[in-house]
Amino acid sequence: MTTRAEPALCHSRSEAGDRTLRIVTTAATAIILLMLAVVMVTVIRGGIGMLSWELLTAYPKKGMTEGGIFPAIIGTVTLTLLMTVVATPAGVATAVYLTEYASSRGVLTRIVRLCIANLAGIPSIVFGLFGLGFFIATVGKGVDDVAFDGRLTYAQPCLVWAALTLALLTLPVVVVSTEEALRAVPRELRDASLALGATQFQTIVRVVLPEAASGILTGGILAVSRGAGEVAPIMFTGAVYFLRDLPTHLNDPFMNLGYHVYVLATQSPDVDRTKPLLYATVLVLLLLTFLLNLAAIVLRARARRRTRAHA
């Protein structure tokens, strides 16, 4: 027979489990926040003294131990924007196909999902080697042979190939986040649109995508965060040690903040002298990433308000 003590014992065990889970999750959150605080404090303390208008607007000089990082800032912003322009439409189109058109049990759908999953797990250095072998040595050479009579124009590391390589790197992030946003749109909205005589294309463009806009922008934010600080893919596809001119064409090489940090940390003739500039460059890279993310967050908030206003 069941005694009265058994329910009380079960309740006590449940409370103990809840307390244990709360303590573990709180400790994990505190550790993550502490690690973030340590990194931010270290970077800010090391770089705040070097942060100045000259740093943001001048060119590097004297073996990159003095001067500014203006070309690296412009190169990073340009590269990130180009990457986003390429990766977001491609990722959204892929997610729309997988969610709205493809059969969930189809062979092609399974192959595409498998490719996306594998793409997300490939090391970034492999993307760089792929960009060098495919975009530069194959596509670039073909473009030069066809359009420029064999003159070396696009068969070299440059801005466009670096942006396309980073777009491939960040594509799975956009696809997965967009898929989740599209699945969150109620099926009733699609059915109501189709019942009123709209085609599937019109339903997707005028009903589904506006409802999922905030989730799609979230994918863009994650892509910017992933791509802005990547160094390995662009080492082979366009980033250079030093430039006197800013990139003005798609086939121009460029400086990049992440690659600039790598050079300062590993190839500087005087690491101790460049350490303050190194910390300042990292601080600028973090601030720039935060600003790009902030812009995307503002756009997402506006999209949400617009969706609620039309609801």
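# Exercises on a predicted helical model

Ser268 is buried, with a relative accessible area of 11%. The model is predicted. The exercises below treat loops, helix pairs and cores.

## Exercise 1: Two loops

Task: Place Ser268, Thr153 and Asp149, and state whether each is buried or exposed.

Solution.

Step 1. Ser268 sits in the loop between α11 and α12. Buried means under 20% relative accessible area. At 11%, Ser268 is therefore buried. Neighbours within four places in sequence aside, Ser268 contacts Val263 and Thr274.

Step 2. Thr153 belongs to the loop between α5 (124-147) and α6. Its relative accessible area is 12%, so Thr153 is buried. With neighbours within four places in sequence set aside, Thr153 touches Asp144, Phe148 and Asn251.

Step 3. Asp149 is also in the loop between α5 and α6. The cut-off for exposed is over 50%. Asp149 has 69% relative accessibility, so Asp149 counts as exposed.

Step 4. Check the backbone of Asp149. Phi is near 55°, a positive value in a residue other than glycine. Most residues other than glycine have a negative phi.

## Exercise 2: α6 with two partners

Task: Describe how α6 packs against α4 and against α9, with angle, handedness and contact residues.

Solution.

Step 1. Pick the descriptors. Two packed helices are described by the angle between their axes and the distance between the axes.

Step 2. Take α4 (residues 107-121) and α6 (residues 159-183). Their axes come within 8 Å and cross at roughly 130°. Angles over 145 degrees count as roughly antiparallel, and 65 to 115 as roughly perpendicular. The α4 and α6 pair is therefore oblique. The crossing of α4 and α6 is left-handed.

Step 3. List the contact. α4 brings Arg113, Ile116, Leu119 and Ala120. α6 answers with Leu168, Leu171, Pro172, Val175, Glu179 and Arg183. Sorted by class, the contact of α4 with α6 has 7 nonpolar, no polar and 3 charged residues.

Step 4. Turn to α9 (residues 213-228). α6 and α9 pack at an angle of about 155°, with axes 8 Å apart. α6 and α9 are therefore roughly antiparallel. The crossing of α6 and α9 is right-handed.

Step 5. List this contact too. On α6, the residues are Leu166, Leu169, Thr170, Val173, Val174, Ser177, Thr178 and Ala181. On α9, they are Gly215, Ile216, Gly219, Leu222, Ala223, Arg226 and Gly227. By class, the contact of α6 with α9 has 8 nonpolar, 6 polar and 1 charged residues.

## Exercise 3: α3 against α8

Task: Give the geometry and the make-up of the contact between α3 and α8.

Solution.

Step 1. The axes of α3 and α8 (residues 200-211) come within 12 Å. They cross at roughly 115°. The crossing of α3 and α8 is right-handed.

Step 2. From α3 come Val92, Val96, Glu100 and Tyr101. They meet Gln200, Phe201, Ile204, Val208 and Leu209 in α8.

Step 3. Count by class. The contact of α3 with α8 has 7 nonpolar, 1 polar and 1 charged residues.

## Exercise 4: The cores

Task: Find which residues touch the most other members of the largest nonpolar core, and which elements build it.

Solution.

Step 1. The largest nonpolar core has 17 residues. Leu55, Ile69, Ala72, Ile73, Leu257, Leu277 and Val284 touch the most other members.

Step 2. α3 (70-101), α11 (257-266) and α12 (271-310) are the elements that give two or more residues to this core. α12 gives the most, with 7 residues.

Step 3. Zoom in on Val284. Residues up to four places away in sequence are not counted. Val284 touches Leu51, Leu55, Leu56, Ile69, Ile73 and Leu257.

Step 4. Apart from this core lies another, of 16 residues. Its members include Met83, Phe127, Leu166 and Ile234.

## Exercise 5: Separation in sequence and in space

Task: For Ile136 and Thr42, state the burial and the C-alpha distance to a partner residue.

Solution.

Step 1. Ile136 is in helix α5. Its relative accessibility is 5%, so Ile136 counts as buried.

Step 2. Ile136 and Trp161 are 25 residues apart in sequence. C-alpha to C-alpha, they are 6.9 Å apart.

Step 3. Leave aside neighbours of Ile136 within four places in sequence. The contacts of Ile136 are then Gly131, Lys141, Ala155, Gln156, Pro157, Trp161, Phe236 and Thr237.

Step 4. Thr42 is in helix α1 (residues 5-47). With a relative accessible area of 41%, Thr42 is partly exposed. Thr42 and Leu283 are 241 residues apart in sequence, and 9.9 Å apart C-alpha to C-alpha.

How values were computed:
Residues are numbered from 1 along each chain as its sequence is written. This is a predicted model: local features need pLDDT of at least 70, side-chain atom pairs count only at pLDDT 80 or more; totals for chains, interfaces and linings use all residues. Side-chain values use heavy atoms; hydrogens and water are left out. A nonpolar core is a set of buried Ala, Val, Leu, Ile, Met, Phe, Trp, Tyr and Cys residues joined through side-chain atoms within 4.5 Å. Buried means under 20% relative accessible area, exposed over 50%, partly exposed in between (1.4 Å probe, protein chains only). Helices (H or I, at least four residues) and strands (E, at least two) are DSSP runs, numbered from the N terminus. Contact means heavy atoms within 4.5 Å. Axes are lines fitted to C-alpha atoms, for helices over the stretch in contact, and angles run from 0 to 180 degrees between N-to-C directions. Angles under 35 degrees count as roughly parallel, over 145 as roughly antiparallel, 65 to 115 as roughly perpendicular and the rest as oblique. A crossing is left-handed if the near helix is turned anticlockwise from the far one by less than a right angle, and right-handed if clockwise. Ala, Val, Leu, Ile, Met, Phe, Trp, Tyr, Cys and Pro count as nonpolar, Asp, Glu, Lys and Arg as charged, and the others, Gly among them, as polar.
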